[in-house]
Amino acid sequence: MLLRMFCAGLLALFAHTASAAETMSLSIGGTTLQAPIPDGYVRASERVPTLFATSAAALPPSVRLVETLVAESDLKPMLMGQPMKQPYLQVQVLRDAERLDFTAGEWTALQPVLVEQLGGFDMDRYTKTQQSGMSERMSAATGVEIEITYGEVGKPAIYAKKPTSLHYTLRLPITAQVNGEAKSLEIEAAGAAMLAGSKMVMANAYAHATPLQPPFAVSRAIAEAFVSRMQLLNAAPAAQAKP
């Protein structure tokens with residue numbers, strides 16, 4: 001009972017946070033979309049551009065980082081070289097699909113393809129092949145020697161298929177060496193591929209795994225609230241009734 005109350009409280013908290021959030025404009029494939037900024041969070045591209053550049057460099061070339069949202073309370077600790085304590089969120093797009101517009105019907109037809117691709121994607125093998133390039137890009141972006149090593153990642157787990165969004169989770173065991181100093185992290189990622197307006201957008205939330213909370217509870221709550229609010233902000237206006 002207490003566990004269910006805890007999870008329900010988290011979901012309610014982040015749902016309220018997203019609904020009362022400020023908004024930001026994002027340019028995706030020549031289209032301007034609106035997205036929420038949860039209370040207490042800031043845009044990394046504006047407030048911590050080095051972090052944004054590092055995050056963008058960590059992604060494979062096929063994915064473009066549109067924005068990263070970080071907790072304002074983490075800004076000072078990061079300047080002192082400390083890791084982020086609060087969850088963070090990224091908005092991403094596939095470069096090859098960014099300029100394509102999708103109707104609701106086309107999205108419905110696309111979803112089974114996404115399910116098949118995600119469900120069969122060997123993320124463990126992929127991350128191992130990407131480690132070297134990722135480390136080189138991040139080192140170039142920061143001017144600091146960075147080496148990223150992934151543990152056993154596994155495949156993304158799809159946990160919800162909705163009419164205009166596909167939700168998944170993924171555990172990311174990472175060892176990061178910065179100037180020879182190693183730090184091990186266990187990250188719980190939860191995200192969704194969604195139809196926002198006419199664009200396919202991915203929103204991913206990342207949180208540190210801890211034994212004090214159910215697996216993926218925090219990252220799922222953040223990602224789901226963000227996706228729901230972003231889709232609402234970019235919903236097609238209802239057709240006006242004819243007199």
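This report describes the predicted model of one protein chain, from its confidence to its cores and a helix pair.

**Overall make-up and confidence**

The protein chain has 243 residues, of which 45% count as buried. It contains 7 helices and 10 strands. Among contacts in the protein chain with a separation of 6 or more, 63% join residues 24 or more positions apart.

The mean pLDDT of the protein chain is 85, and 88% of the residues score at least 70. Of its elements, strand β2 (residues 31-37) has the highest mean pLDDT, 98, and helix α1 (residues 2-19) has the lowest, 39. Two stretches have pLDDT under 50, as listed here.

| Stretch | pLDDT | Contacts beyond four places in sequence |
|---|---|---|
| Residues 1-20 | under 50 | 21 |
| Residues 238-243 | under 50 | 0 |

Where pLDDT is low, the predicted coordinates should not be read in detail.

**The nonpolar cores**

In soluble globular proteins, nonpolar side chains tend to be buried together. The largest nonpolar core in this model has 26 residues, and Met194, Val201, Phe226 and Met230 touch the most other members. Two or more residues each come from β1 (22-28), β2, β4 (63-71), β5 (88-94), β9 (181-196), β10 (199-208) and α7 (217-233). The largest share, 6 residues, is given by α7. Another core, of 22 residues, lies apart from this one and includes Ala44, Leu51, Ala97 and Ala193.

Val201 gives a closer view of the contacts around one member of the largest core. Leaving aside neighbours within four places in sequence, Val201 is in contact with Ile28, Leu33, Val91, Gln92, Val93, Ala192, Ala193, Met194, Ala196 and Met230.

**Ala44 in the other core**

Ala44, a member of the core of 22 residues, is found in helix α2. Its relative accessibility is 0%, so Ala44 counts as buried. Beyond its neighbours within four places in sequence, Ala44 is in contact with Pro49, Leu51, Phe52, Glu67 and Thr68. Ala44 and Glu67 are 23 residues apart along the chain, and their C-alpha atoms are separated by 7.0 Å.

**Helix α3 and its partner α6**

Leu51, which belongs to the core of 22 residues, is also one of the buried residues of helix α3. The others there are Phe52, Thr54, Ser55, Ala57 and Ala58. These buried residues pack against α2 (44-47), β4, α4 (75-79), β5 and α6.

Two packed helices are described by the angle between their axes and the distance between the axes. For helix α3 (residues 49-58) and helix α6 (residues 123-142), the axes come within 8 Å and cross at roughly 160 degrees. Angles over 145 degrees count as roughly antiparallel, and α3 and α6 are therefore roughly antiparallel to each other. Their crossing is right-handed. Where they meet, α3 contributes Ala53, Thr54, Ala57 and Ala58, and α6 contributes Met134, Arg137, Met138, Ala141 and Thr142. Of the α3 residues that meet α6, Thr54, Ala57 and Ala58 are among those that are buried.

**A loop residue with positive phi**

Phe216 lies in the loop between β10 and α7. Although Phe216 is not a glycine, its phi is positive, at about 65 degrees. The relative accessibility of Phe216 is 14%, so this residue counts as buried. The helix that follows this loop, α7, is the one that gives 6 residues to the largest nonpolar core.

Methods: Residues numbered from 1 in each chain as written. Predicted model: local features only at pLDDT ≥ 70, side-chain atom pairs only at ≥ 80, totals over all residues. Heavy atoms only, no water. pLDDT = per-residue confidence, 0-100. Helix = DSSP H or I, 4+ residues; strand = E, 2+ residues; numbered from the N terminus. Contact = heavy atoms within 4.5 Å. Core = buried A, V, L, I, M, F, W, Y, C linked by side-chain atoms within 4.5 Å. Buried < 20%, exposed > 50% of the residue type's maximum accessible area, 1.4 Å probe, protein only. Axes fitted to C-alpha atoms, helices over the stretch in contact; angles between N-to-C directions. Parallel < 35°, antiparallel > 145°, perpendicular 65-115°, else oblique. Left-handed = near helix turned anticlockwise from the far one by under 90°.
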